[in-house]
Amino acid sequence: MAAALELSLLAAEEARRLAMLAADTAALDALLSDALAYTHSTGVTDGKASYLQLLAGGALRYETLEFAAPQARLLGTGTTGLVTAVMRATILKGDVRREIASSYLAVWEHTASGWVLQAVQATALPAKTP
């Protein structure tokens, strides 16, 4: 049972990545908790509404997005799941293109309708040296 839940958690995380890349706010709306706390690697925190607005309005666009080596772990009775990974992305924020890399922790809750993302905490990784 735990292995199947971990696989479904990783599938939800991949669905989130694909929705972010496609700016699919309808898919993200279903995956994100109304109480979402999304702390970016810059230290800025968005809630669900503000994050979806960034994507819908084009203020934030992911040109590339990779979640490298995601690891899932269930807590307690399996209703809470943690995903850790490294995110690498090329983003457009306004007219500025940036390469970003961060390690992150995503906190998911397993509900009757599936996994719902409650929080993300990202930490910037050092820039690559040539």
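Me: In this predicted model, which residues have the most contacts inside the largest nonpolar core, and how many residues does that core have?

Reply: The largest nonpolar core has 33 residues, and those with the most contacts inside it are Met20, Leu28, Tyr51, Tyr62, Tyr104 and Trp108. Helix 1, helix 2 (25-31), strand 1, helix 3, strand 3, strand 4, strand 5 and strand 6 are the elements that give two or more residues to this core. Strand 3 gives the most, with six residues. In soluble globular proteins, nonpolar side chains tend to be buried together.

Me: What does Tyr62 touch, leaving out residues up to four places away in sequence?

Reply: Tyr62 touches Met20, Leu21, Tyr38, Tyr51, Leu55, Ala89, Thr90 and Ile91.

Me: Why is Thr90 called buried?

Reply: Thr90 has a relative accessible area of 9%, and buried means under 20%; Thr90 is therefore buried. The place of Thr90 is in strand 4. Apart from residues up to four places away in sequence, Thr90 touches Arg61, Tyr62, Glu63, Thr64, Arg97, Arg98 and Glu99.

Me: What makes the approach of the side chains of Thr90 and Glu99 a polar contact?

Reply: The contact joining the side chains of Thr90 and Glu99 is 2.9 Å, and a polar contact requires a pair of N or O atoms within 3.5 Å. The value therefore meets the distance cut-off.

Me: How many aromatic pairs does a search of the whole structure find?

Reply: The search finds two aromatic pairs. One of them is formed by Tyr38 and Tyr51.

Me: Why is the pair of Tyr38 and Tyr51 called stacked?

Reply: The ring centres of Tyr38 and Tyr51 are 4.7 Å apart, with 15° between the planes. Rings pair if their centres lie within 6.5 Å, and planes under 30 degrees apart count as stacked, so both values satisfy the terms. Tyr38 lies in strand 1 and Tyr51 in helix 3, so this pair ties together parts that are 13 residues apart in sequence. Tyr38 and Tyr51 are both buried.

Me: What makes the pair of Phe67 and Tyr104 tilted?

Reply: The planes of Phe67 and Tyr104 lie at 55°, and their ring centres are 5.1 Å apart. Planes under 30 degrees apart count as stacked and those over 60 as edge-to-face; 55° falls in neither class, so the pair is tilted. Phe67 lies in strand 3 and Tyr104 in strand 5, so the pair ties together parts that are 37 residues apart in sequence. Both residues are buried.

Me: What is the strand order of the open sheet, and which strands are its edge strands?

Reply: The open sheet of six strands has the order 2-1-6-5-4-3, with mixed pairing. Strand 2 (45-46) and strand 3 are the edge strands, because each pairs on one side only.

Me: How do you know that strand 1 and strand 2 pair?

Reply: Strand 1 (residues 32-39) and strand 2 are joined in the antiparallel sense by two bridges. Pairing requires at least two bridges, so the condition is met. In strand 2, Asp46 is the bridge partner of Tyr38. Helix 3 (residues 48-56) lies across strand 1, strand 2 and strand 3, at about 75° to strand 1.

Me: How many bridges join strand 3 to strand 4, and what lies between these strands?

Reply: Strand 3 (residues 60-75) and strand 4 (residues 80-93) pair in the antiparallel sense over 13 bridges. They form a hairpin with four residues between them, and Gly76 in the turn has a positive phi of about 55°.

Methods: Residues numbered from 1 in each chain as written. Predicted model: local features only at pLDDT ≥ 70, side-chain atom pairs only at ≥ 80, totals over all residues. Heavy atoms only, no water. Contact = heavy atoms within 4.5 Å. Axes fitted to C-alpha atoms, helices over the stretch in contact; angles between N-to-C directions. Core = buried A, V, L, I, M, F, W, Y, C linked by side-chain atoms within 4.5 Å. Buried < 20%, exposed > 50% of the residue type's maximum accessible area, 1.4 Å probe, protein only. Polar contact = N/O pair within 3.5 Å; in protein donor to acceptor, adjacent residues only side chain to side chain. Phe/Tyr/Trp six-rings, centres within 6.5 Å; stacked < 30°, edge-to-face > 60°.
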